[in-house]
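Hello,

Here is the structure I promised to pass along. Please have a look at it first, and then read on for what turned up.

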Amino acid sequence: MRAALLGLVLLSHPAWAQEWRGLTGPEIAEALTDRTLHYATGATQIFYASGRTLYTHGEPSWGERRIEADQYCSTWPPSGDWDCYDVEADGTGAFTFVDARGNPFIGIYAE
């Protein structure tokens with residue numbers, strides 16, 4: 001139910017009427033530090049100032065994050081590989097993370 005409700009929120013969110021803009025490294029850091037995002041899948045992600053990030057979708061999963069150039073990068077144990085994403089914002093609290101294959105992942109600020 002919560003995932004369906006969040007999906008409706010995303011579809012009706014002003015983000016769809018706004019223009020998405022790519023963020024710089026400092027803008028990504030400012031936008032995500034000590035913030036929480038909700039995703040249409042029902043997942044929640046908290047971005048701590050320490051560089052740790054907590055992704056919860058059923059089970060909690062702790063990872064590390066950093067900014068490289070103008071990308072958000074994260075790693076999740078047991079892998080030591082870092083995956084990086086371009087980040088776009090619409091100015092209303094919605095963010096799109098775009099992976100190296102062009103797949104978008106949209107999250108919105110938790111209230």
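**The disulfide and its surroundings**

Cys-84 counts as partly exposed, because its relative accessibility is 21%, and a residue has to be under 20% to count as buried. Its partner is Cys-73: the two form a disulfide, with their sulfur atoms 2.1 Å apart. The pair links distant parts of the chain, since Cys-73 sits in strand S6 and Cys-84 in strand S7, 11 residues apart. Cys-73 counts as buried, because its relative accessibility is 0%. The torsion about the S-S bond of Cys-73 and Cys-84 is about 110°, so the disulfide is right-handed. A search of the whole structure turns up one disulfide. Please keep in mind throughout that this is a predicted model.

**The chain as a whole**

How many helices and strands does the chain have? There are two helices and nine strands. If you follow the sequence from its start, the pattern reads α-β-α-β-β-β-β-β-β-β-β. The chain has 111 residues, and 36% of them count as buried. About 6,600 Å² of the chain is exposed, with carbon and sulfur atoms supplying 56% of that area. Among contacts in the chain with a separation of 6 or more, 38% are between residues 24 or more positions apart.

**The largest pocket**

Next, the empty space. Rolling a probe the size of a water molecule over the atoms shows where such space is left. In this model, the largest pocket holds about 410 Å³ of space. Its lining is made up of 20 residues, and those nearest the centre are Tyr-39, Tyr-55, Tyr-85, Phe-97 and Phe-105. By type, the lining divides into 14 nonpolar residues, three polar and three charged. Which strands each supply at least two residues of the lining? They are S3 (44–47), S6 (71–75), S7 and S9 (104–109). Strands S6 and S7 are already familiar from the disulfide, as they carry Cys-73 and Cys-84.

**Ala-89, in strand S7**

Strand S7 covers residues 83–89, and Ala-89 belongs to it. Is Ala-89 buried or exposed? Ala-89 counts as buried, because its relative accessibility is 13%, and the cut-off for buried is under 20%. Leaving aside neighbours within four places in sequence, Ala-89 is in contact with Glu-19, Trp-20, Arg-21, Leu-23, Ala-94 and Phe-95. Gly-22 is worth a look too: it lies 67 residues from Ala-89 in sequence, yet the two C-alpha atoms are 6.5 Å apart in space.

**Some backbone details**

If you go through the loops, there are a few places to stop at. The peptide bond from Pro-77 to Pro-78 is cis, with omega near 10°. Pro-78 is in the loop between S6 and S7, the two strands that the disulfide of Cys-73 and Cys-84 links.

Asp-34 is not a glycine, but it has a positive phi of about 60°. You will find Asp-34 in the loop between helix H2 (25–32) and strand S2 (35–39). With a relative accessibility of 54%, Asp-34 counts as exposed, because the cut-off for exposed is over 50%. Which residues is Asp-34 in contact with, leaving aside its neighbours within four places in sequence? Phe-47, Tyr-48 and Ala-49. For Phe-47, the C-alpha atom is 5.3 Å from that of Asp-34, and the two residues are 13 apart along the chain.

Ala-69 likewise has a positive phi without being a glycine, here about 55°. Its place is in the loop between strand S5 (59–68) and S6. Ala-69 counts as exposed, because its relative accessibility is 70%.

**Pro-26, in helix H2**

One last residue to point out is Pro-26, which lies in helix H2. Pro-26 is exposed, as its relative accessible area is 62%. Pro-26 and Glu-68 are 42 residues apart in sequence, and their C-alpha atoms are 9.9 Å apart in space.

Happy browsing, and best wishes!

Key
Residues are numbered from 1 along each chain as its sequence is written. This is a predicted model: local features need pLDDT of at least 70, side-chain atom pairs count only at pLDDT 80 or more; totals for chains, interfaces and linings use all residues. Side-chain values use heavy atoms; hydrogens and water are left out. Helices (H or I, at least four residues) and strands (E, at least two) are DSSP runs, numbered from the N terminus. Buried means under 20% relative accessible area, exposed over 50%, partly exposed in between (1.4 Å probe, protein chains only). Contact means heavy atoms within 4.5 Å. On a 1 Å grid over the protein atoms alone, a cavity is a set of points where a 1.4 Å probe fits but cannot get out, and a pocket is an open set with protein on both sides within 12 Å along at least five of seven lines; lining residues have an atom within 4 Å of a point. Grid points are joined across faces, edges and corners, and a volume is the space filled by probe spheres set on the points. Ala, Val, Leu, Ile, Met, Phe, Trp, Tyr, Cys and Pro count as nonpolar, Asp, Glu, Lys and Arg as charged, and the others, Gly among them, as polar. A disulfide is a pair of cysteine sulfur atoms within 2.5 Å. Accessible areas come from the Shrake-Rupley method with a 1.4 Å probe; for residues, only the protein chains shown count as cover.
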